[in-house]
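Subject: Structure handover

Hello,

Here is the structure that I said I would pass on. My notes follow below it.

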Amino acid sequence: MTLAQHNRRSAPRESALGSALAQFDGVADYLELDPGTRAILRVPKRELTVRFPMKMDDGRVEVFTGYRVQHNLARGPAKGGIRFHPATDLDEVRALAMWMTWKCALVNVPFGGAKGGVTVDPSRLSRRELEGVTRRFAAELQGVIGPDTDIPAPDMGTNAQTMAWMMDTISMHAGYTVPGVVTGKPVVLGGSAGRADATGLGITMTVERALDQLGSRLDGARVAVQGFGNVGEAAARLMHERGATIIAVTDVYGGVTNPRGLDPVALKSRVNATGSVRGAPDTEPIDNAALIAIDCDVLVLAALEGQITEENAANVRARVIAEGANGPVTPDADPILHDRGIVSIPDILCNAGGVVVSYFEWVQNLQSYSWPATEVASRLEDVLGRAFDEVWDLHTDRGIDSRLAAHTIAVARVAEAQQLRGLYP
Amino acid sequence: MTASAPDLQPNASASGQWRAQEHRVELRGATYRLRLVRFPAGWLASVDTVEGPTLGCDASPYLAVSRAVEPIGGGLIDAMPIVAALRRSPQMSATSSAVPSLKHR
């Protein structure tokens, strides 16, 4: 049984929101949720759209549009990133907020789901303009975000510096420093040790668990990595440190392969120098289609959504697919992979390391106490290990597709919390 | 470790009103009797304990079983494999032999 088989609903599938709703409807059907709970969980609790003017470096006044959507707060304050991207719109933010609700529930951190964004291409802004957009957007979110209500984090086009500006803006309005209002901050401003590598470390940990369940080990495994940004680079480096052989890496400009192994640290240096892994010494070129079809133990998908589809799923030769990106395997590809015995670690589990360490950062900020990196990694292993085991048990013991197992656990947890809280008034 | 019993109301499906099933489940080394009753509007789950029967009701069998096992230290994750096993049998038939145990946590 796969999630795709439960997703034969009427919502349009082309958009992220259509996919999120179809996915939810399928799981709600499977869980037999009552109509009231289903109606509550299907829509965001709160949506904010703001438009704000900015004076640009050339003297023009430009008006930007930003969003913040809180999908569900039944399990705790809202949590989710803020992205700066030219294609960001309200429907995309709604979908991402819903997925954050499920992700937080699956790993059992006490957060609801949220997402936000500004429709802007940050690469076209000067540093002054970028800071201005960030601070003005943060000011517009005053009263909506806060340590007890909604805690943003970095996402596409934003980073630790963005979070520092947001924290400072909220703190200026409050009159005192409010470190817990955002996570993903620089460590000197209350960021958590280990936050930068958290998603890559989470991928590595879940892959280790999956290989262990298959009677194999990461030490000696052959790994191919699609995407060499923050997530893909960290995953490649951490797996390499644990004995894996990285046999292929691709980025947006090209890719490299060497069956004897690549050095992720050297590749990162090359990216810093040239912008791409392409042309690295002692490598052969490889494209994305060849990388997906490469004979390997683990295929890490840390780039874009929709990379493995009904058309190319039959080409995959990996034993384990690690979904480091959001939605890299389409619903139509799931049953093909499942039938071929390929294990997919679903995205809401595989890339949850970031939100788990964000939770740790928030806890440390509330306690005004910081944990060493070893403690962060140890606690992350506990949280992700428990979540992995719960999904794996349901997946293997009952023959349920791992994605359906993950979403079933997540949605059921939120539904249970929603019902226990009841309706007000 | 586990066992199943036939429908408590063999003709229930013919009437279309309700259907009861009985299972043995195990949690932290103790074995309990779990009854599941399906009504048109949802599910009722009950576990026999020394203090008396527990009760969980919901449209979702997962949430009904979750509530029924909560007093004996269980929860949603324990309910998942029980109900998932039942889902594999046609029409959630009580004649399914694939009755799981609650895992130790």
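Which residue in β12(A) does I321(A) stand opposite? The partner of I321(A) is S344(A). Strands here are DSSP runs of E with at least two residues, helices are DSSP runs of H or I with at least four residues, and both are numbered from the N terminus.

Some ground rules before the rest. The model is predicted: local features need pLDDT of at least 70, side-chain atom pairs count only at pLDDT 80 or more, and totals for chains, interfaces and linings use all residues. Residues are numbered from 1 along each chain as its sequence is written, while chains are lettered from A and ligands numbered from 1 in the order in which they are written.

Chain A overall

Chain A contains 14 helices and 12 strands. Along the principal axes, its C-alpha atoms fill a box of roughly 55 × 55 × 40 Å. The radius of gyration of chain A is 21 Å, which agrees with the value near 22 Å for a compact globule of 425 residues. That radius is taken over C-alpha atoms, and the globule rule is 2.2 Å times the number of residues to the power 0.38.

Of the 425 residues in chain A, 55% count as buried. A residue is buried if 20 or more other C-beta atoms lie within 10 Å of its own, exposed if 12 or fewer, and partly exposed in between, with C-beta atoms placed from the backbone. Among contacts in chain A with a separation of 6 or more, 67% come from residues 24 or more positions apart. Two residues are in contact if their C-beta atoms, placed from the backbone, lie within 7 Å.

The domain assignment splits out domain 1 (45–181) and domain 2 (198–345) of chain A. These bounds come from an automatic or database domain assignment. Taken over C-alpha atoms, the centres of the two domains are 30 Å apart.

The core

The largest nonpolar core has 156 residues, and L106(A), V223(A) and V356(A) have the most contacts inside it. Helix α3 (residues 90–106) of chain A gives the most to this core, with 11 residues. Domain 1 and domain 2 of chain A each contribute at least three residues to the core. A nonpolar core is a set of buried Ala, Val, Leu, Ile, Met, Phe, Trp, Tyr and Cys residues joined through C-beta atoms within 7 Å.

Apart from neighbours within four places in sequence, L106(A) is in contact with I348(A), L349(A), A352(A), A387(A), A406(A), I409(A) and A410(A).

The sheet

Seven strands of chain A form an open sheet in the order β9-β8-β7-β6-β10-β11-β12, with mixed pairing. Its edge strands are β9 (284–285) and β12 (343–345) of chain A, each pairing on one side only. Strands pair if DSSP finds at least two bridges between them.

- β11 (residues 320–323) of chain A pairs with β12(A) in the parallel sense over three bridges.
- β7 (residues 245–251) and β8 (residues 254–262) of chain A run antiparallel and are joined by five bridges. They form a hairpin with two residues between the strands, and T257(A) in β8(A) is the bridge partner of A248(A).
- β8(A) and β9(A) are antiparallel, with two bridges. V256(A) stands opposite P285(A) in β9(A).

Backbone details

N108(A) is not a glycine, yet it has a positive phi of about 60°. N108(A) sits in the loop between α3 and β4 (112–119) of chain A and counts as partly exposed, with 18 C-beta neighbours inside 10 Å.

D282(A), also not a glycine, has a positive phi of about 60°. D282(A) lies in the loop between α8 (264–274) and β9 of chain A. With 11 other C-beta atoms within 10 Å, D282(A) is exposed.

The peptide bond from Y424(A) to P425(A) is cis, with omega near 5°. P425(A) belongs to the segment after α14 (402–421) of chain A.

Chain B against chain A

In this interface, 15 residues of chain B are in contact with 17 residues of chain A. On the chain B side, α2 (61–69) and α3 (76–87) of chain B each supply at least two residues, and α3(B) gives the most, with six residues. The chain B side divides into 11 nonpolar, two polar and two charged residues. Ala, Val, Leu, Ile, Met, Phe, Trp, Tyr, Cys and Pro count as nonpolar, Asp, Glu, Lys and Arg as charged, and the others, Gly among them, as polar.

Regards
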